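I set out to look up the fold, the salt bridges and the pockets of this chain. My entries follow in the order in which I consulted the structure.

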Amino acid sequence: PSSKKMYIYSLMVAKAKEELEQEILDKEGEKQKYLAERAPPLNMSGLSLGQLQDLCRELHAKIDVVDEERYDIEAKVMLNTREIKDLNIKVLDLRGKFKRPNLRRVRVSADAILRSLLGSKHKVSMDLRANLKSVKKEDTEKDSDWRKNVEAMSGMEGRKKMFDAAKGSAQ
């Protein structure tokens, strides 16, 4: 099983590597296409000195425009990063200020819970004590009987009574 997993893993890695290489080649092709559109190759052969100077001035003007655009974009990026940093600091400050309060125990009746769940339209009354088992007094007296007879059962007479009682119930 583990060898099968390793085989599948190696296939996945190989496929990912192929896709990554293809993506790099695609990006390089797009870059070349973009540069061919935006900056056609210069044809300087057969130009006089004045024409070459005009071409240089034109190229310098284009470079200046591109530098201004780059500077504006960098300024926007710096502003956005500073704003993001400030917002992150505010978020951290707010997290520190507001603490979750301790919850208090609130006594709510079963009727109130059902009313909140079902809505105020439904009238539901539920007596939880109605289904409880009732305990008779006689049962409690049998349980507490041992407390009353502790003194009577103490000593040798008490042990003899217990032995006789056990002997009689066994027969």
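Before reading any side chain, I note the cut-offs for accessibility: a residue is buried under 20% relative accessible area, exposed over 50%, and partly exposed in between.

**Entry 1. Model and confidence.** I am working from a predicted model. I looked up the confidence and found a mean pLDDT of 80 for the chain, with 70% of the residues scoring at least 70. Helix α1 (residues 2-38) has the highest confidence, at a mean of 93. Confidence is lowest in helix α4 (residues 137-148), where the mean is 56.

**Entry 2. Secondary structure.** I counted six helices and zero strands in the chain. Along the sequence, I read the pattern as α-α-α-α-α-α. I then checked burial: of the chain's 171 residues, 2% count as buried.

**Entry 3. Salt bridges, helix α1.** How many salt bridges does the structure hold? I find five. In one of them, the side chains of Lys27 and Glu23 meet at 3.9 Å, N to O. Both residues belong to helix α1, where they stand four residues apart, or about one turn of the helix. I looked up the accessibility of each partner. Lys27 counts as exposed because its relative accessibility is 54%, and that value is to be read against the cut-off of over 50%. Glu23 has a relative accessible area of 44%, so I record Glu23 as partly exposed.

**Entry 4. Salt bridges, helix α2.** I moved on to helix α2 (residues 49-97), which holds both Arg57 and Asp54. These two form a salt bridge, and their closest N and O atoms are 2.9 Å apart. The spacing is three residues, about one turn of the helix. Is Arg57 buried or exposed? With 52% relative accessibility, Arg57 passes the cut-off and therefore counts as exposed. Asp54, at 46%, does not reach it and so counts as partly exposed.

I next looked up Lys62 and Glu58, whose side chains meet in a salt bridge at 4.0 Å, N to O. They are separated by about one helical turn because they lie four residues apart in helix α2. Glu58 is partly exposed, at 46% relative accessibility. I also noted a network of salt bridges that links Asp67, Arg70 and Glu74.

**Entry 5. The largest pocket.** I looked up the volume of the largest pocket and found about 450 Å³ of space. Which elements give two or more residues to its lining? They are α1 and α2. The largest share, seven residues, comes from α2. The lining consists of 14 residues, and those nearest the centre of the pocket are Arg38, Ala39, Pro40, Lys62 and Val66. I thus meet Lys62 a second time: Lys62 lies among the residues nearest the pocket centre, and its side chain also meets that of Glu58 in a salt bridge.

By residue class, I find ten nonpolar, no polar and four charged residues in the lining. I then checked the lining against the domain bounds. Domain 1 (9-41) and domain 2 (44-99) each supply at least three residues to it.

**Entry 6. Cross-reading.** I close by setting the entries side by side. Helix α1 has the highest confidence in the chain, holds both Lys27 and Glu23, and gives two or more residues to the lining of the largest pocket. Helix α2 holds both Arg57 and Asp54 and provides seven residues of that lining.

Methods. Residues numbered from 1 in each chain as written. Heavy atoms only, no water. pLDDT = per-residue confidence, 0-100. Buried < 20%, exposed > 50% of the residue type's maximum accessible area, 1.4 Å probe, protein only. 1 Å grid on protein atoms, 1.4 Å probe; cavity = no way out; pocket = protein on both sides within 12 Å on 5 of 7 lines; lining within 4 Å. Points joined across faces, edges and corners; volume = space filled by probe spheres on them. Nonpolar A, V, L, I, M, F, W, Y, C, P; charged D, E, K, R; others polar. Domains from an automatic or database assignment.
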